[in-house]
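Thanks for making the time; I would like to walk through a few local environments, and then the ligand site and the salt bridges. Please have the viewer open while I talk.

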Amino acid sequence: MADYLSQNVNKVTTHFLQRMRQQGEPIAMLTAYDYSIASLLDMAKIDVVLVGDSAANVMAGYKTTLPITLDEMIYHASSVVRAVERALVVVDLPFGTYQGNSKEALHSAIRIMKESGADAVKVEGGVEISESVDRILSAGIPVMGHLGLMPQSINKFGTYSVRATDPKEADKLVQDALLLERHGCFAIVLEKIPADVAKLVTESVSIPTIGIGAGPHVSGQVLVFHDMIGITQQFSPRFLRRYHHLGEEIVNAVSNYIRDVKSKDFPNEKEQY
Ligand code: KIV
């Protein structure tokens, strides 16, 4: 791999992400929800590990991200933090723990930081959650924003389609990004929006933007690990690049194990005491 600025850093911080943006080095972020996968991502030198509330879909099999609880997010986040030495660990505040009540938002963020040892939290929304963002930041907790497709608002929009395709929505998105920057967020995830809108947002703010389905004109990219490695096979949006077909490999390996057990080929003489 080329000698990127980030390859020589012992611990990625929010300030380091800002430096990466300034120096034009793209930020690589992936999700993890458990110790084993998180340690592999850290070994590969990923910049940011996101303990996303997509754990609700990927780990627990829920149809939306809404049901996952704060306690469950803390469980996933602590497992990840125990594995990660180098990457910045960001944890999603789950639905219902920060919207509409900034005191509760602060309480939720403090629980995540204290009980998991994570480095930062992520919240979905702009002006609607600005009080919560302020209060969390006032306790010295770094906040990552999330605009565009916001899965926690699925019941308001009814679909997971591309967001900000009309000028009014695109303008609100830019205003929300500017507001999050003004309030002190250290980065913003932009999910499933047209590439030219993501470019406009990135040019309008000076903090890093991290895209998922937002094209190339952003400061970094994020994908759900289980999607990019091919474990979740049904989910196939246009923006997803699959780097492996691990789902197929796991099914093959398990089939071979079943075959060996049934035929009494396993265990052999070397595999017993
Ligand atoms: O929960 C999650 O995994 C996310 C990413 C899709 C950005 O928020």
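Ser219 touches Arg21, Glu25, Pro26, Ile27, Thr202, Ile207, Pro208 and Thr209, where residues up to four places away in sequence are not counted and contact means heavy atoms within 4.5 Å. I should say straight away that this is a predicted model, in which local features need pLDDT of at least 70 and side-chain atom pairs count only at pLDDT 80 or more, while totals for chains, interfaces and linings use all residues. Residues are numbered from 1 along each chain as its sequence is written, and side-chain values use heavy atoms, with hydrogens and water left out.

Ser219 itself is found in the loop between strand S7 (209-212) and strand S8 (220-223); helices here are DSSP runs of H or I with at least four residues, strands are runs of E with at least two, and both are numbered from the N terminus. One of its contacts is Glu25, which is 194 residues away along the chain although the two C-alpha atoms are separated by 7.6 Å. Ser219 is buried, with a relative accessible area of 8%, given that buried means under 20%, exposed over 50% and partly exposed in between, with a 1.4 Å probe and protein chains only.

A second loop residue is Thr65, placed between helix H3 (55-58) and H4. Thr65 is also buried, at a relative accessible area of 4%, and touches Asp53, Ser54, Ala56, Asn57, Pro151 and Gln152, again leaving out residues up to four places away in sequence.

Two of those neighbours, Asp53 and Ser54, bring us to the ligand, because they belong to the set that surrounds it, together with Thr31, Leu50, Gly52, Asp92, Lys122, His146, Val189, Ile212 and Val224, a residue being near when one of its heavy atoms lies within 4 Å. By class, this shell has four nonpolar, four polar and three charged residues; Ala, Val, Leu, Ile, Met, Phe, Trp, Tyr, Cys and Pro count as nonpolar, Asp, Glu, Lys and Arg as charged, and the others, Gly among them, as polar.

Which side chains place an N or O atom 2.5 Å, 2.9 Å or 3.1 Å from a ligand oxygen? For Ser54 the distance is 2.5 Å, for Lys122 it is 2.9 Å, and for Asp92 it is 3.1 Å. The protein covers 94% of the 260 Å² of accessible area that the ligand has on its own, with areas taken from the Shrake-Rupley method and a 1.4 Å probe.

Finally, the charged pairs. The structure holds nine salt bridges, each defined as a side-chain nitrogen of Lys or Arg within 4 Å of a carboxyl oxygen of Asp or Glu. In one of them, Asp71 pairs with Arg111, with the closest N and O atoms 2.6 Å apart; this links distant parts of the chain, since Asp71 lies in helix H4 (residues 70-83) and Arg111 in helix H5 (residues 102-116), 40 residues apart. Asp71 is partly exposed at 48% relative accessible area, and Arg111 is partly exposed at 23%.

Lys172 takes part in two bridges that I would like to show, one with Glu128 at 2.9 Å, N to O, and one with Asp176 at 2.5 Å. Lys172 and Asp176 both lie in helix H8, four residues apart, about one turn of the helix. Lys172 is partly exposed at 36% relative accessibility, whereas Asp176 counts as buried at 8%.

Methods
Polar contact = N/O pair within 3.5 Å; in protein donor to acceptor, adjacent residues only side chain to side chain.
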